[in-house]
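Biologist: Could you put the model up and take me through it? I would like to start with the overall picture and then ask about whatever catches my eye.

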Amino acid sequence: MSLRGVSFVFLSVALRLSAQQALQIPKTWDEEMLHEWATPIAALSVRPGHFSAKEYYASPVDNYRSYPVYAAGREPAGYFERLRKAKPEPLIQPAGLKTKAEWIAAGKRVFEESDIGSFRRYEADIIEEFHLAKSARLARLTPRKDGTIPGARWVVTDRGLALGAENCTQCHRRALPDGGVLDGPGMSDTAAFFVTGMIATVPGLSAVPLPGDSSTTGTWRSFAVPWLPGDIHEQIKTMDGPALGRVFLASIGPDLTPRWSGSIFYPAKIPDLIALKGQKYIDATATHKLRGTGDIMRYAALVSYADISDFGTHRLLTDAQRKIPFHLPDEALYAMALYVESLEAPANPNPFDARAAAGKKIFERDCSACHTPPFYTSGKLTLAEGFTPSPALLREYDVLPVSVRTDASLAMKTRKGTGFYKIPSLRGVWYRGRYLHDGAVTSLEEMFNPARLDPAFVPSGFKSIDTHRAVPGHEFGLRLPAADRANLIVFLKTL
Ligand code: HEC
Ligand code: HEC
């Protein structure tokens, strides 16, 4: 064989190998990867547990496309009748996918069409109600510009037509004023969240059925921290409906919904998925590591149907509840994770002018050690006030061992209580709707207003209804002369 022939063979083998490697689909529920994925709970010094790979893959595969639900007068002719007669179509068909771009396009569909499987309803009366939004509660909703009802989906399943609830897009999709949508940042209104509440019969904030639970017990189970003396969530058991409703409502708003294992008293805002780049951990309190695409797949599975909720000796679910109802194909989660990784911020309309240049100088002096370009985060963790990590934890995690002294409750008093707060990326802060982990403030002007430290200050974002608190901590920039602070904000808006 000539030298040219050899190198040609070598090249084509190498190309084939690299094409295969590029599309090497991680296993979602991979024991080895799960082993040290979750961050230990600070108060317990143990990592939350997880279902075994055997349990995960023994559950049935769920792989259905879903379709929009239209408001009265907006449904295309014959649409609903066609769906009623339609055969189920798979959410993902991996056989046809070759290039990364094709996988990302397929992932966009998974992101927008995937519904929360445990919430599906098959009863004729609720399907009848949602078809053309017949009831008063649905007629009150403003449809999206394309005529669809936010939050609701039709799912054609092997059991027949179901009414389903949006999953990721319910929270991680923003409606734009021009009628378009932007995937990544939190939702701009709460309509989809409330529509989900109309559809789901699962109690509390669970994504899976909680057999045996009343609505109160399910809500308590969503947030309870049994190892914490004086856990604030214990009162959920004895609160009357209106009182619980008030606390719930305070934790819901644009860019804000409580999550399983989070809290209605100490919520985490909905993060912008575009700003995940440059991060090494997932969630405001770094509940899990972000080591690559596989961890985004794992996180999507965890929050949608696979959270065992074991914390050392504390088991939050009853034996009847410790079940994975179904799982998405690994290919669907892989495509969705690639789509999430591909999300980009919209074009920034703010010019980089002389004031921004002045602000940049201040930023480089006071901020960039933590909010380091190009992602405007060093990717490190900081400590919640009152948390002292063990030497072993400091070896395993990338920690800047200081505290910015923001409200410590989420990181210390919830099941997401790792003791850490991530340093958020500042890319796209100009369109972010809320700032700080609990979304207490809703503009950069408010974030850098020194008055927010005043105990009497009432924030425009999340405020706890019982215990008034100002917005403490992260005092960087607050003592700058007003003109410098203004320039700093001008610069931040260019990121
Ligand atoms: C009910 C609202 C809701 C739904 C539905 C939802 N999320 Fe989230 N998501 C949140 C909130 C709130 C957080 C922040 C949690 C925290 O910080 O503790 C979050 C965090 C995340 C993160 C971590 C981001 C970061 O910056 O650390 C990822 C990734 C993510 N979600 C992806 C998804 C995907 C994929 C889906 C669909 C499978 C989904 N989410 C469904 C509300 C939601
Ligand atoms: C010691 C590290 C550190 C320094 C220095 C620092 N920050 Fe931060 N920054 C953080 C952490 C940690 C958070 C998240 C705190 C929380 O949510 O509780 C944060 C949050 C923010 C946020 C809110 C982002 C969001 O989406 O919630 C903005 C904006 C911000 N910082 C800007 C700045 C600016 C401007 C400076 C300099 C004047 C600065 N930071 C200096 C660590 C730092």
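The conversation below goes from the whole chain to the two ligands and then to some single residues.

Modeller: Before we begin, this is a predicted model, in which local features need pLDDT of at least 70 and side-chain atom pairs count only at pLDDT 80 or more, while totals for chains, interfaces and linings use all residues. Residues are numbered from 1 along each chain as its sequence is written, chains are lettered from A and ligands numbered from 1 in the order in which they are written, and side-chain values use heavy atoms, with hydrogens and water left out.

Biologist: Fine. How many helices and strands does the protein chain have?

Modeller: The protein chain has 18 helices and eleven strands, where helices (H or I, at least four residues) and strands (E, at least two) are DSSP runs numbered from the N terminus. Its radius of gyration, taken over C-alpha atoms, is 24 Å, close to the 23 Å from the globule rule for 495 residues, so the chain is as compact as a globular protein of that length; the rule itself is 2.2 Å times the number of residues to the power 0.38.

Biologist: And what share of the chain is buried?

Modeller: Of the 495 residues, 53% count as buried, meaning under 20% relative accessible area, with exposed set at over 50% and partly exposed in between (1.4 Å probe, protein chains only). Among contacts between residues at least 6 apart in sequence, 70% join residues at least 24 apart, a contact being heavy atoms within 4.5 Å.

Biologist: Now ligand 1. What holds the iron atom on the protein side?

Modeller: A single protein donor, NE2 of His-172, lies 2.1 Å from the iron atom of ligand 1. Donors here are N, O and S atoms within 2.8 Å of the metal (3.2 Å for Na, K and Ca), and as water is not among the atoms, sites may look incomplete. His-172 itself sits in the loop between helix 8 (168-171) and strand 4 (173-175).

Biologist: Which residues come nearest to ligand 1?

Modeller: Of the 22 residues around ligand 1, those that come nearest are Cys-168, Cys-171, His-172, Asp-283 and Lys-422, with a residue counted as near if one of its heavy atoms lies within 4 Å. Oxygen atoms of ligand 1 have polar partners in a backbone N or O atom of Asp-283 at 2.6 Å, a polar backbone atom of Ala-284 at 2.9 Å and a side-chain N or O atom of Lys-416 at 2.8 Å. A polar contact is a pair of N or O atoms within 3.5 Å; within protein, one must be able to donate a hydrogen and the other to accept it, and residues adjacent in sequence count only if both atoms are side-chain atoms.

Biologist: What about ligand 2, which residues come nearest there?

Modeller: Among the 25 residues around ligand 2, Cys-367, Cys-370, His-371, Leu-436 and His-474 come nearest. Polar side-chain atoms of Lys-269 and Arg-432 lie 2.6 Å and 2.7 Å from an oxygen atom of ligand 2, whereas a polar side-chain atom of His-474 lies 2.7 Å from a nitrogen atom of ligand 2. The elements that give two or more residues to this shell are helix 17 (444-447) and helix 18 (482-492).

Biologist: Back to His-474. Where does it lie, and is it buried or exposed?

Modeller: His-474 lies in the loop between helix 17 and helix 18, and counts as buried because its relative accessibility is 13%. His-474 also has a positive phi of about 40° although it is not a glycine.

Biologist: Where else is there unusual backbone geometry?

Modeller: Most residues other than glycine have a negative phi, and most peptide bonds are trans. Ala-286, in the loop between strand 6 (281-282) and strand 7 (288-289), has a positive phi of about 55°, and the peptide bond from Pro-373 to Pro-374 is cis, with omega near 5°.

Biologist: Last topic, buried charges. What does the side chain of Glu-113 pair with?

Modeller: The side chain of Glu-113 makes a polar contact with the side chain of Arg-65 at 2.8 Å. Glu-113 lies in helix 5 (residues 100-113) and is buried, with a relative accessible area of 8%.

Biologist: And Arg-221, what does its side chain reach?

Modeller: The side chain of Arg-221 reaches the backbone oxygen of Leu-316 at 2.9 Å. Arg-221 is in helix 10 (residues 215-223) and counts as buried at 8% relative accessibility.
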